[in-house]
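Subject: Structure handover

Hello,

Here is the structure for you to look over. My notes come after it.

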Amino acid sequence: MMIPSNRNKVIVIGGGIHGCATAYFLAKRGQTVTVVEKDHIARHASGVNAGGVRTLGRDLAEIPLSLASMDLWKKLHSEIGVYAQAFHPSFYLKVAIDEEGYALGSARAEALKHAGYNHEFWLDASDVQDRLPKLTTPTYGGFLVEGDGWARPWLIVRGFAQGARQYGAEIIEKCNVFGLELRQNCWYLKTDKGVFEADYVVNCAGAWAADLAFQSGEPKAPLSAYAPMLAVTESKPPILPAVIGVLGHTLSLKQLDTGQFVIGGGVRASANLSENSGEVVLPELRESMQLAARLFSDISNAQIIRCWSGIEGYMPDNLPIIGHGKQPGLIHGFGFSAHGFQLGPAVGEVLADLVMGQQPRVPLDAFRPDRF
Ligand SMILES: Cc1cc2nc3c(=O)[nH]c(=O)nc-3n(C[C@H](O)[C@H](O)[C@H](O)COP(=O)(O)OP(=O)(O)OC[C@H]3O[C@@H](n4cnc5c(N)ncnc54)[C@H](O)[C@@H]3O)c2cc1C
């Protein structure tokens with residue numbers, strides 16, 4: 001049953017991409033919604049990630065959500081206007097550079113075929129080389145997705161936040177939620193800006209979300225916090241028209257329109273939630289940098305100008321938690337395990353659906369909060 005407009009109040013905890021996109025879709029549909037963010041919009045994973053907008057290589061259970069999200073990315077301009085220019089669609093290529101990678105690719109091709117998905121195409125080695133003329137390592141071929149690409153993440157989050165505001169949402173920064181309690185069908189949120197009341201709470205608190213939920217009386221979700229790391233180089237002439245991954249290796253590589261290479265792909269250090277901080281361990285990032293330079297020898301001449309990390313929440317099965325909590329009026333969206341940025345627009349839409357009692361357009365069973 002749909003809740004009547006402007007009667008029930010929704011509070012979204014967390015001003016990352018999932019919180020802001022949820023607020024956007026709720027406000028657009030006429031709901032009264034407030035986002036409370038302990039730091040500022042896009043301060044954590046959503047603002048500092050690699051900006052990879054990738055449907056390629058998703059867990060089979062996540063593909064419908066990822067494809068639904070890509071539909072929204074493609075028409076983002078009609079949702080967030082000029083901020084959508086921060087998305088640069090191109091193509092994504094995940095290549096095999098050894099026999100192990102080729103075996104992984106073959107198994108993946110079989111699994112995709114069996115499940116009926118055809119958005120990832122296998123290219124043979126010569127087609128890969130045609131697509132990437134500056135490639136300096138032979139490949140066994142690779143998966144291609146046209147239309148995947150990269151974005152400047154903090155601009156996309158700001159776009160959703162700004163869009164939400166334009167539809168009447170309130171966004172309150174520097175507002176830490178430290179208590180969350182349900183009494184007589186009303187949620188009370190204790191914050192450093194006073195107590196807020198809500199009929200619905202959407203928990204998009206990223207790596208902090210499981211502790212917050214547990215404190216409110218939910219079962220403890222097995223969420224672990226880590227700090228995935230990235231490096232960016234100085235600007236170089238354009239050589240790389242795609243985002244690159246390597247089957248069986250942790251590399252994600254792209255060249256921005258500034259000419260800078262962004263290198264990462266999953267190597268992670270430790271995170272400290274109470275101090276809002278993540279480590280950077282250079283020796284562990286080095287492997288990704290060396291692999292990038294092996295694939296494109298031009299990269300070996302590019303100086304690294306900065307390394308950083310962001311705090312992210314990981315689930316044991318690398319799938320997010322999206323769904324109703326145990327208690328009425330509490331809805332969770334967290335645990336995106338270092339690949340949630342691309343999912344953001346669709347997650348915002350499905351979380352808004354759940355608040356409003358509407359049927360999400362993709363199945364969410366694999367993401368049930370009670371699956372552990
Ligand atoms: C370095 C790095 C690279 C990545 N690269 C990619 C990529 O290329 N592609 C991709 O798809 N994904 C990528 N990811 C993953 C992606 O960034 C995340 O999955 C996604 O941004 C998570 O968004 P979120 O809104 O759930 O969480 P967050 O962005 O962490 O937002 C949660 C917010 O909740 C706030 N909050 C927490 N507790 C409270 C509280 N008690 N009260 C108020 N506010 C609170 C936090 O301050 C935070 O701002 C990467 C992540 C990192 C860190």
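Below is what turned up, starting with the ligand.

Please keep in mind that this is a predicted model.

**The ligand and its shell**

The ligand has 36 residues around it. His-18, Glu-37, Ser-46, Gly-52 and Glu-312 are the closest. By type, the shell splits into 16 nonpolar, 15 polar and five charged residues. Two domains take part: domain 1 (9–50 + 155–221 + 316–371) and domain 2 (89–148 + 224–314) each supply at least three shell residues.

Backbone atoms make several polar contacts with the ligand. A polar backbone atom of Gly-52 sits 2.8 Å from a ligand oxygen. For Val-177, a backbone N or O atom is 2.9 Å from a ligand nitrogen. Gln-342 offers a polar backbone atom 3.0 Å from an oxygen of the ligand. How much of the ligand does the protein bury? The figure is 96% of the 1,000 Å² that the ligand exposes when taken alone. Three elements give two or more residues to the shell: helix 1 (17–28), helix 2 (45–48) and strand 12 (224–235).

**Behind two of the contacts**

Val-177 belongs to strand 8 (residues 177–183). Its relative accessibility is 8%, so Val-177 counts as buried. Asp-192 is 15 residues from Val-177 in sequence, and their C-alpha atoms are 7.1 Å apart.

Gln-342 has a further partner. Its backbone oxygen is 2.7 Å from a polar side-chain atom of Ser-69. Ser-69 is part of helix 3 (residues 63–74). With 0% relative accessibility, Ser-69 is buried.

**Aromatic pairs**

The model has 10 aromatic pairs, taking ring centres within 6.5 Å as the cut-off. Take Tyr-24 and Phe-25. Their ring centres are 5.0 Å apart and their planes meet at 80°, so this pair is edge-to-face. Tyr-24 is buried at 0% relative accessible area. Phe-25 is buried too, at 4%.

Phe-25 also pairs with Phe-160. Here the centres are 6.4 Å apart and the planes stand at 45°. Why is this pair tilted rather than edge-to-face? Edge-to-face needs planes over 60 degrees apart and stacked needs under 30, so 45° leaves the pair as tilted. Phe-25 is in helix 1 and Phe-160 in helix 7 (residues 153–166), so the pair ties together parts 135 residues apart in sequence. Phe-160 is buried, with 0% relative accessibility. One aromatic cluster takes in Tyr-24, Phe-25, Phe-160 and Tyr-167.

**Two backbone angles to check**

Ala-42 is not a glycine, yet its phi is positive, at about 65°. Ala-42 lies in the loop between strand 2 (32–36) and helix 2. At 9% relative accessibility, Ala-42 is buried.

Gln-184 is not a glycine either, and its phi is positive at about 45°. Gln-184 falls in the loop between strand 8 and strand 9 (186–191). Is Gln-184 buried or exposed? With 80% relative accessibility, Gln-184 counts as exposed.

Best wishes

Terms used. Residues are numbered from 1 along each chain as its sequence is written. This is a predicted model: local features need pLDDT of at least 70, side-chain atom pairs count only at pLDDT 80 or more; totals for chains, interfaces and linings use all residues. Side-chain values use heavy atoms; hydrogens and water are left out. A residue is near a molecule or strand if one of its heavy atoms lies within 4 Å of it. A polar contact is a pair of N or O atoms within 3.5 Å; within protein, one must be able to donate a hydrogen and the other to accept it, and residues adjacent in sequence count only if both atoms are side-chain atoms. Accessible areas come from the Shrake-Rupley method with a 1.4 Å probe; for residues, only the protein chains shown count as cover. Helices (H or I, at least four residues) and strands (E, at least two) are DSSP runs, numbered from the N terminus. Ala, Val, Leu, Ile, Met, Phe, Trp, Tyr, Cys and Pro count as nonpolar, Asp, Glu, Lys and Arg as charged, and the others, Gly among them, as polar. Domain bounds come from an automatic or database domain assignment. Rings of Phe, Tyr and Trp (its six-membered ring) pair if their centres lie within 6.5 Å; planes under 30 degrees apart count as stacked, over 60 as edge-to-face and the rest as tilted. Buried means under 20% relative accessible area, exposed over 50%, partly exposed in between (1.4 Å probe, protein chains only).
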